[in-house]
Structure formats: structure tokens, C-alpha cells
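Got the viewer open? Let's walk through this one stop by stop, with something to select each time.

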Protein chains: 2
Amino acid sequence: MSRIEPRTFRGARDFLPAEMIRREGLFAYLREVFQRHGFAPIETPAIEYLEVLLGKYGSEGEKLIYPLAYKGGTTAALRYDLTVPLARVVAQYRDLPRPFKRYQMQPVWRADTPTIHQGRYREFYQCDADIVGEASPLADAEILSMIGEVIAGLGVGNFTVRVNHRAVLEGMVGAAGLPPEANRAVLRAIDKFDKVGLAGVEKELEKEGIEDMPRSKLLDLLALPSGGREAILALADRWSGEPRIGEGAAELLRIWQALEQISPDLGRFQFCLTLARGLDYYTGAVFESFIDDLPHMGSLSGGGRYDDLVGVFSEESLPAVGTTIGLDRIFSALEQLGQAGGTPTRTQVMVLQFGPESEGPALRTLRRLRQSGLRAEVWYRPERLGKQIQQADKRGVPLVLFQGPDEAAAGIWTLKVLTSGEQIQIPEADLEARVRALATP
Amino acid sequence: MSRIEPRTFRGARDFLPAEMIRREGLFAYLREVFQRHGFAPIETPAIEYLEVLLGKYGSEGEKLIYPLAYKGGTTAALRYDLTVPLARVVAQYRDLPRPFKRYQMQPVWRADTPTIHQGRYREFYQCDADIVGEASPLADAEILSMIGEVIAGLGVGNFTVRVNHRAVLEGMVGAAGLPPEANRAVLRAIDKFDKVGLAGVEKELEKEGIEDMPRSKLLDLLALPSGGREAILALADRWSGEPRIGEGAAELLRIWQALEQISPDLGRFQFCLTLARGLDYYTGAVFESFIDDLPHMGSLSGGGRYDDLVGVFSEESLPAVGTTIGLDRIFSALEQLGQAGGTPTRTQVMVLQFGPESEGPALRTLRRLRQSGLRAEVWYRPERLGKQIQQADKRGVPLVLFQGPDEAAAGIWTLKVLTSGEQIQIPEADLEARVRALATP
């Protein structure tokens, strides 16, 4: 075989141990929070029939679907997100409980031109939690409360979860004197607020062909203050004549009423008129979360209510609400805030070989340490002790254990703490307990 | 949008909650055993450049590589296994520690005609553990010892790990008077032993064109007894004139010597001449494990030493040894042995709503339970209590908690244990502690 250059597929990533250990920690944490909130896991295949995926993501999104070539034809593709597969699953398995609360953490693929410095990848994980089959605003509140608890536990400082409602946004379009056909163009313009600000949204509205009068009315509305329950009440008060605004505000108030009881992070939730969310399929509340100290990073999570998506696969239409949590954004935030930490190994102790005749005792000790539940390694070769210690240190193992001939005769081991250089003599019988007392958790 | 039939891609699977909870449990268990043995996690992308994958799996395997269609060209494909990506990673990242001990649990894809009743899928998980950069037989012993601990902890009863060595097999070919060119054909025939027995291997050898005399010599050899150290010694003794047999036996004895110290399951390992392993790339020890009570199920794990694979991507050749553990086989074994268990939810308690005015207290209680670490849900609607209890029971939630108006006035909740029907009155202040005492872990 001729030599092949080892290269990672462009736009995809290898996760090496230090990063994977952090990722596994985050996955375990998310699983714990999801399960504490009564969500159950599912997984779906990477490959879906093309017809399942088409017609869901808008024309721009659809171009990014990654098709598979199989025996000359293309009938299947890699999944684009986790929401459409969930809708398929709920329509396909009729005996799933309802409401169906599921979480799912799997990669998705986009046939995009990767711009890695902006964090756009062709392959990346999504992490979704959704409640399907429940129209009650309690379900919206539960998703929101869970997002709050997820972010609060990350240790990224203060954060804000912005909440809006599609009915409020559509009511604003009406209040500005525009027909419902203008909804999509206006939402598209508002969706850019985070990047371009209010002046930028004005330009976008102009580009979309919205005339002076309705444009300035929309800008007036968008300038209304964000806030909690009182901000929603102020909006409803001022626009009591617009039924869609009243409808959206009433549902937001019901969500807030539940949040006030259920969420330990009530102060983090803000009703915010400038939040729109790009996707077509939302029908009710929409929300995104942001880290206060990283205002330019973009949202950590985004979601909302989408009551019509399951109906694409089923005669029965099922209301649904959910969120996607951006794992890559979380890691990026932890790194920017100096919270990433991370070690390339979880090994607690390495047993060294003093000489060829020490292989037996070293392996027996290794076995004892492992059987007591400690994470332990052995250095495979009876090399110079200094070299073995250096290797353990280089890979981040905090403790080493060895036994010279005199110690062997006396039934004693030496434990060296590599961070401090301290050396401790331990009688053979106490090995597990003494190592455990000094080991990282 | 017209209605689309919800269908899972043929040869792939949806994992619904009951199954996913079992799978997450198994993944967590495997991670724990791997880390206890000093292995660190990595992940690689689903998509690899085609040139990385080609020329590694033999002509039959290569046909099953799943290419992607992108902008008219095909330069990338889905990964076929986890071993070739590992070889790429080790060649690509020169500063990884050596020996590099890694585990990896990710799906792989085969563009196969799926025969699901035989457990052949187009998409399935592999779970690999390998040591790269270490030629010492201690590394082989460590992989073997870890396989033993993985299987012993599964609760599938007695098991056997069969071990052989490619040098022994090649030495047998020489001892039978055949040239080295016959190695591949003979190994291919022996590899079928599990399915066809000794008589079947004889037929296969005949088909491969091996003549009477060498064939009967090979069959004599294959009939030698399996066993531990003494079986290896017996072979080495009888064939001391065949240097390849002596070489292989000496390395196996070194592996056994380490196993005797390191493994709590020594009795499970058997030197076995009829084990060959299909893949071309093995160069030393080869091994497979079997459950004694399920003799027809095939192997739970398979692996061996492959010292030349990394050299395909790098000027530096690195010795390597590792194993793949078959997750689907493990689940199938647990099911056949009635050990699969499984619940569709991990929720410990569901809070019910007695009436519309109980939403506030129900949500506040929910919040308290969750903040104490309990996995808790609320039923979203103040429906008839009987219906709510039925729903909790149907989804496998073992405890429900509710409060009627009189109880609310007295500051008391009722906890009902759904498995026994028992009802207990609990003062509000003791809720967390009392629920925890009765909750599943």
C-alpha cells in the first residue's frame, strides 16, 4: 500500500482525550438535568429517507442536506437536525406515551462551506429536549425552567433567557397596518436584531419593501422595554385592540405564572420583542438564551413551540415545544471564561516497574487497585524509574506507585505525588485506602 | 405539504426510551471499566476522505463503504469501522502520548443488504479499546484482562476468551508442508470453524485446493486440545522444530504470565488453535470471546495485535493491539438470558394536580423535589385523579404525589406507591426525605 496523508474531513473534527473527557462530562451533566425533569432518551439513525427531510428547512436549509450515493441512486441523506426525526418517530410509533418528553444528543450534518473560525461545521452535535403532545403552557414553562437550570449549573455566570411569542410578532405586523403576508419578511428582518441592532433592522425592513409608516410603527413597538411579567402586561395593555397580541400576551402570562412556581431562576427570563427565531415552523412561544458576560457570542440555546410539524407525518396533529442546546457554544463559552479545565487522562495512579523482576508485584498491585474501583495503569516496560515518572507526569497522571528491592523485602510501596513531589511509604496492606485518600475523584 | 409516510431507513434502527435507557447504562458501564484500565476517550467524524478508507478492508469489505454525494463528486464516505480512523489519528497527531490507550464508542456504516433477523445492520455502534505504540505482551494481556472484566460484570454467566497467535497459525501451515502463500487460504478455512466444525474446515481446505497430505496434517494440528498455559507448552514441545510455532507460543506464554497476575478471570482464557479471525491486518495474538450458555450466538468481542496498520499513514510504524466489543451482541445475549430488564422512564415520582387551584402547590413541590436531586415530573393537566394515576402507572413511574383541599389546609401530601397500592400521608416539611426513602435509585 502506498502511504496516505492522514487528514480529517474538512469541516469535521477529531475529539482527542482532553476534549472528549470534557465533552463526556458535559453529556453526563445534561443527561442528569434532563432526567431530573422527566425526559427520556431516544436515538435515531444518522441516515433518513430523503422524503422525510425535504420540505422542512426552507430553501436555504434544504441545500445543505447531505445525500448518500448508493448503487447509483440517491434516496437517503444524513440527518440535518433532531427535530424532524423526532416528528417522524412520534408519528411512526403510536404507542409512545403522550405527552412524550424526550432528549436526544447526536451529531447532525450540513453540506456547508465550513468556516471554522465562526464555529460553523459540517458535522456537529445537537442536543435537544422536547415535549410532544401537550398544548398546555406548563410544557413551555417546563422547557424554559430546564434551560435555566442547565445554564445555571454550567458556571458561566449570569445569563438571560429571552422569550417572545409568534402571535405577538404577527399582531405587531397587523398593528403596523401590514397584511399577514408580510409576517415572514418582518420576522426575517427582526431575526437579525442581535447582529445589526435596531437601526440595522430598520434597513432590513426597508430592503424587504416595508414602507415608511408601518416601518416606523414597527420600530416603535420593537423599542418597548424588555422585562418580566410587567413588560408583558404593559404590551397587552397598550395593544388591547390587537387580538393576536392579546392572545400571545395571555399565553406568555400563563407561562410566566408557571415559571414563577417552577423555576429557581425566574429573574433570568425576559420577555423581549426583538426575538423572532428564523425557522418557519414555530407557532407560539419562541426563546433563546445568552450569557451576559459574552454578549457577542450568540445564543447558547434556542427553541419554541411548533404545533404543526408532526402533522406532516401523521393524520393526527400534535402540539410540541422544545429546545436545542448548542454544545459547541457551551464549550466555547467555558473556554472564553477560563472555565474549560480539562485533563488528558482520568487515570488516578500509575504503577511503575522497578526492574524486570518487579513485573509480578506491579501487576498484582495494579489488579488490587482496579478491583477496589481505582482508575489505574501500569507502565509496560521496566525502564529507568525517572523516565517512567516523567511519562506519568507528561500524561497528567497525578500519582505513581513503585517498590524497590528493599521495599519489596519489607512489604512497603512508595507513593509519589507528582504535583508536590512528596513521597510516602505505604505498607502493602493499606495500599488501596491510602491511594484512594490522595487520589483525584 | 403533502403527508409523508414515517419510515425508518432500512437496516437502521430507532432506539426508543426503554432500549435507550439500557444502552446508556451499558455505555456508562463500559466507560467505567475502560477508564479503570487507564483508557481515554476519543471521537472521530462520521465522514472520512475516501482515500483514508480504501485498501484496508479487503475487496469484500470495501464494497460496503458508504459514499457521500456532494456537488457531483464522491471524495468522502461514512466510516466503516473505528480502527482505521484510530490509525489515522495516531499518525496525524504526533504529540499524543505513547503508548496511546483509547476507547471509542460510535456508530459505523455498511452499505449492506440488511438481514435484520441475523443482526446485520447498515448502521450500528462499535465499541473499541486499543493500545497503540506498545509491542510488549503486557499490552495484549491488558486488553485481554479488560475484556474479561467487561464480560464478567455483565452478568451473562460463564464465558470463554479464546486466544491464538498468527505466528502459530502460520507455523502450522509450514508444519503441514505448505508454502507461506497458502497462509491466507488456510486461515480463511479455519476462520469458519465456529460455523462448520472440523469436518467443515476439512471441506473448506479441499475447496481451497489444499491436498490430502497437508490437509490431514492440518486437521491433526487443529484437533490438539485447547487449554491454558499447559496447552501452549504442549504445542511448543511437540513442534519445537517449527520456528514460527515456537515464536508464537513464546509470546503467548509471556501474555499468559502477565494474565496470571493481572486478571481476576484467568480460568476464562483458553489457547485455542481453531481461532483464526478473518481480517488481514492481524500480525500477532488474536482473540474472541463467547458466552458458554449461548454457544450459537457468535463472539461478543474480537480483536488482536496489528503492528503494521498505522504505517499506512505514517513513516513510523507503530505496534498496536486492541479489541472491538459487540454492543448489539451484548444486548441480544442479555435478552436471551432474561437479564435485559429495562424501564421506559427514569422518573422517580410524578406530582399530580388535584384541581385547577392546585397548580401552584404542585409546581412548587415539583421544584423542591428536583432541587433535592430527585427525578420528578408533573402531570400537566388537572384531569381526574384516577386518569392521572393511570398515566403515571402506564409509563412506569413508581410513585405519585398529590394533595386534596383538606390535605392542603393541613399541610400534608399523599404519596401513593403504584406497585403496591400503598398510600402514605407525609407532612410537607418531610417531602424530599420521605420520597427519597421510597424512590428507586
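Is A:Glu202 buried, partly exposed or exposed? Select that residue and turn on the surface: A:Glu202 is partly exposed, with a relative accessible area of 30%. Before going on, keep in mind that this is a predicted model.

**Stop one: a link between two helices**

Now add A:Arg215 to your selection. A:Arg215 and A:Glu202 form a salt bridge, and the closest N and O atoms are 3.7 Å apart. Colour the two helices to see what gets linked: A:Arg215 sits in helix H9 (residues 212–222) of chain A and A:Glu202 in helix H8 (residues 193–207) of chain A, so the pair, 13 residues apart, links distant parts of the chain. Unlike its partly exposed partner, A:Arg215 is buried, with a relative accessible area of 9%.

Hop over to chain B and select B:Glu202 and B:Arg215. Here too there is a salt bridge, with 3.7 Å between the closest N and O atoms. B:Glu202 belongs to helix H8 (residues 193–207) of chain B, and B:Arg215 to helix H9 (residues 212–222) of chain B, 13 residues apart. B:Glu202 counts as partly exposed at 31% relative accessibility, while B:Arg215 counts as buried at 10%.

**Stop two: a bridge inside one helix**

Stay in chain B and pick B:Arg244 and B:Glu247. Their side chains meet in a salt bridge of 2.5 Å, N to O. Why are they about one helical turn apart? Because they are 3 residues apart in helix H11 (residues 243–262) of chain B. B:Arg244 is partly exposed at 31% relative accessibility, and B:Glu247 is also partly exposed, at 44%.

For a group with members in both chains, select A:Lys101, A:Glu142, B:Arg370 and B:Glu377. Salt bridges that share partners join these residues into one network. If you feel like hunting for others, a search of the whole structure finds 62 salt bridges over all chains.

**Stop three: the sheet in chain A**

Switch to cartoon view and look for an open sheet of 5 strands in chain A, in the order S13-S12-S14-S15-S16, with mixed pairing. Which strands stand at the edges? They are strand S13 (376–378) and strand S16 (423–427) of chain A; each has a single partner strand, so one side of each is left without a neighbour in the sheet. Turn the sheet and follow its twist, which averages 25° from one strand to the next.

Zoom in on strand S12 (residues 349–351) of chain A. S12 and S13(A) run parallel and are joined by 3 bridges. Select A:Met350, and you'll find that its bridge partner in S13(A) is A:Glu377.

Next, show the helices again. Helix H13 (residues 359–371) of chain A lies across S12, S13, strand S14 (399–402) and strand S15 (412–417) of chain A, and runs at about 165° to S13(A). Helix H16 (residues 431–438) of chain A packs on the sheet as well, touching S12, S14, S15 and S16 of chain A. The direction of H16 makes about 150° with that of S16(A).

**Stop four: strands in chain B**

Select strand S14 (residues 412–417) of chain B. This strand is mostly covered, with 5 of its 6 residues buried. Strand S13 (residues 399–402) of chain B runs antiparallel to S14(B), with 4 bridges between them; there B:Leu401 stands opposite B:Leu415. S14(B) also pairs in the antiparallel sense with strand S15 (residues 423–427) of chain B, over 5 bridges. Look for B:Trp413, which stands opposite B:Ile426 in S15(B). The hairpin of S14(B) and S15(B) has 5 residues between the strands, and B:Gly421 takes a positive phi near 85°.

**Last stop: where the chains meet**

Show both chains in separate colours. How much area do chain B and chain A bury between them? About 9600 Å², 56% of it on carbon and sulfur atoms. The contact takes 105 residues from chain B and 105 residues from chain A.

Across this interface there are 14 salt bridges. Select B:Arg31 and A:Glu24 for one of them: their side chains meet at 3.3 Å, N to O. Helix H13 (residues 359–371) of chain B gives the most to the side of chain B that touches chain A, with 8 residues.

Terms used:
Residues numbered from 1 in each chain as written. Chains lettered and ligands numbered in written order. Predicted model: local features only at pLDDT ≥ 70, side-chain atom pairs only at ≥ 80, totals over all residues. Heavy atoms only, no water. Salt bridge = Lys/Arg side-chain N within 4 Å of Asp/Glu carboxyl O. Buried < 20%, exposed > 50% of the residue type's maximum accessible area, 1.4 Å probe, protein only. Pairing = 2+ DSSP bridges. Axes fitted to C-alpha atoms, helices over the stretch in contact; angles between N-to-C directions. Contact = heavy atoms within 4.5 Å. Buried area = accessible area lost by both parts, 1.4 Å probe.
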